[in-house]
Amino acid sequence: MSIAIFLSQILNGLQYGLLLFLIASGLTLIFGVLGVINLAHGSLFMIGAYVAFLVVKASGSLWLALPACVVVGLALGALLERFLFRYFYNREHLDQVLVTFALILIFEELRSLLVGNDFHSVPVPAALDFSVPITAGFSYAAYRLVVIGVCLALAAALFWWIERTKMGAIVRAAAEKPEMVDVLGIDARRVHMTVFAVGAALALAAGGLAAPLTSVYPNMGDGLLIVSFVVVVIGGFGSVSGAFWAALLVGLIDTLGKAYGSAFSGAAAGGLAAALPAMSIYMVMILVLVLRPSGLFGGRS
Amino acid sequence: MTGSRGGPAAVLATEGLTKYFGRLAAVRDVTLALRVNALHAVIGPNGAGKSTFVDLLSGRLRPSQGRVLLEGRDVSGAPAWRMARLGVARSFQRTNIFKPLSVLENVRLAAQAVRLPIARLLSTPPRQTALIEAARRALERVGLADAEQRVAGALSHGAQRQLEIAMTLATEPKVLLLDEPLAGMGPEESERMAALLKSLAREHAVLLIEHDMDFVFKVADQMTVLVEGAALATGSPAEVRANKAVQTAYLGAQA
Amino acid sequence: MIGRNRLLPQTSAGWAALAAGAVALALLPLFAPAYYVGLVTTAMIAAMLALSLHLLVGGAGLVSLGHGAFYGLAAYTVFLMSPEGAPRPIWQTLPAAMLVAGLAALVVGALSLRTKGFFFLMVTLACGQMIFAIFHDTRLGGGADGAYLAKPLLSMFGFTLDPLSLPRAERGWPVYYIALVQLTATYLALALLLRSLFGSVLEGIRVNESRMEAMGFNTGRYKLAAFVIAGVLAGAAGHMWSLYSGFVNPEVVGWRQSAEALLMILLGGIGALVGAVVGAFAFVALGEIAQMITSRQLLVEGLAILAAVVLLRDGFMGLKPPWRARSPRGGGRESALR
């Protein structure tokens, strides 16, 4: 186990965790404030990746892709809230699960209609296509460092918005006590739309950032969706800061587990131990739900 | 302050029963004993801990300190279903029935809870006549025999309160914990309830929580005044009414 | 045999209709081309899974998002017992599949039933995902691609029926009729359970669990029993799937499988047990119709589901008053999730 590999896995884990955070933060806000289980959040990630792909194909520049993702995300989130989710706040969770599941199918088919089912790679911008030497003998892809940086910036922006702005304070209060919004006479509909729009924008941004790393392909959001739920549970429903730490934790466990797990078990990759990283994450989720439903890092019960 | 008068042994008793929620003591060091033929009322202002106390007795909550004794046996911390099986039945302040089911089915389920025919678990309800008869007896006792086929949710409020009691009776308990059975009833229904409670107290050990002072002084044989979780006084209604501390703290405005 | 439970037909006419449906299914292969025999077989398998879930959702009020895992686990058990080229007789594979599914349900249930409502939904999802991870991330079941298995031999008492020995048009019949028998048996078993004292306890739990506890029922034990029974029945369905398809892949243990099962129950209606069967058939039919209209099958399905959830609050069964005598409780879907 060389230090170089270890460092690079740590950075990979951070990067994965930060992307997870972008998705999970939207998910946790949507559940905390609106009480809606949004299974389609993974699809939003996929949409972001495809938007990035299309923008790069059209303009050749990834720098345009990120703002494009954010804008499309805000619009899409607002539309979904206004015309669909608004009618589901008082419905049973069963209905919400099924509606968002239907959305997944619809998004997948629309994507297939518009862009096809092929695997597409998205090139890293030439300016960033190099490795940054971190220590002697270890260098890390510059683009990945940028992703980490951008995610941290977005996280900071999100925290600033929640802690420092009026709308953010309302959202924070609503995540703790949704009834507050009506009591205080604030226009609940604007709050709801804002939360959804922001959540969607974050998910699309994550997709856009991830596109050069993973390429774009059908169902790419599936794996991340469930893991995001894990993050939301562990971090506590409605808690963005909880989601932050939980996402880093999960990202690191998953990455390090996959990298070193097979070494510990001694068996070839593919043996039973290969399932351990995934299983351990779900195990933590289950333990949290059973023993400490309010989450490990705060959040409302 | 057990109000020890000699006489029959206590069916359900508490010793220093205490419950903390975080650092707040909802019930503090309450000791009392329930006996047959001695209807025991617990009164006190809102938030005094009366419902919490009943939750502790019925097993819905676990005590932080102190003991609950059933016929001398320590049953502290037993879960609600076990307490019910041991003979401690409770009714609820806010009507807690099975609204979509028929009146008879509500009570039949209660009867089934304590008569557990595991060997006959796959048999159908109509076949288990013992349960249906027990249910009918309970309905007869509270005066709802005619309503047995009606949907519970469609009953008048007063009738639903009667159903609450029937459901506790169907389990043929030793102890009845009745949490504000009169809630929302008119004067005529209250009269009927008073008669029913007095007759029930002759066969069961009854604990009653109520707000209506006149009613309580009329039916109770023993009283405990609960203020901020602690028992301020225990004794006969006359003793309690004469108690200075109770007068100032609670009855003052109403005496 | 008038069922008392509101999930079962309330009139003899209702039961007669069910019987007629079974007869229609029995006669279908005589009139329909082989393709439809296969299609209806898949519908019946889906119906078995949906029925097993209905015990939980409609019977006890437990909405689980991990039920598909028991179904898939059973199929993988068949694979492990009789991998490609090494078939085993059905009288070995079926009990084994049901046993494994039941044991898994016991473990998952013991853990997940400590939570309620939304948290229960999440825990069952997580448990299902753990099982998914076992088969997706490891070589055990052929990894992410899945694997072919040897379909269990249809042998009983020394006599073996080889479907390939039949004329081409009839090759799908043995599996079809086994599925039909299994479906009927599943429905009758659940009907028996639901109209019994055990079923009345489940109903009480669904309506008001805290009162049931206060009255003296150890509700945890009853819920666990229902969970395990549902798991065993899901296992039987999964076994049927392996018998029909001859193939396993991680999708059968995935959360989408569980979501589809929930969807079938919704389509058919939570208010009646047969709704699970109706919903399953409707779901398969929907897929077929979508395929005929357009190659955009998932789009049509997604839109149809959306419409169903938005409009059909009671599922299809809610649209057919003659099927059910008006119960004194009135219509409307009662909250399955508290």
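Okay, let's start at a single residue: Asn219(A) sits in the loop between α8 (188–214) and α9 (222–235) of chain A. One thing to say up front is that this is a predicted model. Asn219(A) caught my eye because its phi is near 65 degrees, which is a positive value in a residue that isn't glycine. Is it buried or exposed? Asn219(A) counts as partly exposed, because it has 14 other C-beta atoms within 10 Å, and the partly exposed class lies between the cut-offs of 12 or fewer for exposed and 20 or more for buried.

Let's zoom out to the chain around that loop. Chain A has 11 helices and two strands. If you walk along the sequence, the pattern reads α-α-α-α-β-β-α-α-α-α-α-α-α. So how does its radius of gyration fit a compact globule? For 301 residues you'd expect near 19 Å, and chain A has 19 Å, so the two agree. The C-alpha trace spans about 60 × 50 × 35 Å along the principal axes of chain A. Of the 301 residues in chain A, 52% are buried. And if you take the contacts in chain A between residues at least 6 apart in sequence, 77% of them join residues at least 24 apart.

Now, who touches whom? Two pairs of chains are in contact, and chains A and C share the most contacts. Chain A and chain B, on the other hand, do not touch, and their nearest C-alpha atoms are 15 Å apart.

Take A and C. That contact uses 38 residues from chain C and 31 residues from chain A. On the chain C side, α5 (117–137), α9 (255–268) and α11 (297–311) each put in at least two residues. Which of the elements gives the largest share of that side? It's α5(C), with 12 residues. By type, the side of chain C that touches chain A divides into 27 nonpolar, six polar and five charged residues.

The contact of B with C takes 28 residues from chain B and 20 residues from chain C. On chain B, α2 (80–86) and α3 (103–114) each supply at least two residues of the side that touches chain C. The largest share there comes from α3(B), with five residues. That side of chain B splits into 17 nonpolar, seven polar and four charged.

While we're on chain C, a quick stop at Ala19(C), which is in helix α1 (residues 12–31) of that chain. Ala19(C) is exposed, with 11 other C-beta atoms within 10 Å. Gly68(C) is 49 residues away from Ala19(C) along the chain, and their C-alpha atoms are separated by 28 Å.

Next, chain B on its own. Chain B is divided into domain 1 (1–87 + 173–255) and domain 2 (96–172). The centres of those two domains of chain B, taken over C-alpha atoms, are 26 Å apart. Where they meet, 11 residues of domain 1 of chain B are in contact with 12 residues of domain 2 of chain B. On the domain 1 side of chain B, the elements giving two or more residues are α2 and α6 (187–201). Of these, α6(B) gives the most, with three residues. That domain 1 side comes to seven nonpolar, one polar and three charged residues.

Keep α6(B) in mind for the strands. Strand β7 (residues 175–179) of chain B is mostly covered, with five of its five residues buried. In a regular strand the side chains alternate between the two faces of the sheet. Here Val175(B), Leu177(B) and Asp179(B) point one way from β7(B), Leu176(B) and Leu178(B) point the other way, and all are buried.

What does β7(B) pair with? Strand β6 (residues 88–91) of chain B runs parallel to β7(B), joined by four bridges, and Arg90(B) stands opposite Leu177(B). Strand β8 (residues 205–209) of chain B is also parallel to β7(B), with five bridges, and Leu176(B) stands opposite Val206(B). To get from β7(B) to β8(B), the chain goes through α6(B), and this β-α-β crossover is right-handed.

Last one: Glu228(B), in the loop between β9 (222–227) and β10 (230–235) of chain B. Glu228(B) isn't a glycine, yet it has a positive phi of about 50 degrees. Glu228(B) is partly exposed, with 15 other C-beta atoms within 10 Å.

Note on methods:
Residues are numbered from 1 along each chain as its sequence is written. Chains are lettered from A and ligands numbered from 1 in the order in which they are written. This is a predicted model: local features need pLDDT of at least 70, side-chain atom pairs count only at pLDDT 80 or more; totals for chains, interfaces and linings use all residues. The radius of gyration is taken over C-alpha atoms; the globule rule is 2.2 Å times the number of residues to the power 0.38. Two residues are in contact if their C-beta atoms, placed from the backbone, lie within 7 Å. Ala, Val, Leu, Ile, Met, Phe, Trp, Tyr, Cys and Pro count as nonpolar, Asp, Glu, Lys and Arg as charged, and the others, Gly among them, as polar. Domain bounds come from an automatic or database domain assignment. Two strands pair if DSSP finds at least two bridges between them. A crossover is right-handed if, with the strands pointing away from the viewer, the path from the first strand over the helix to the second runs clockwise.
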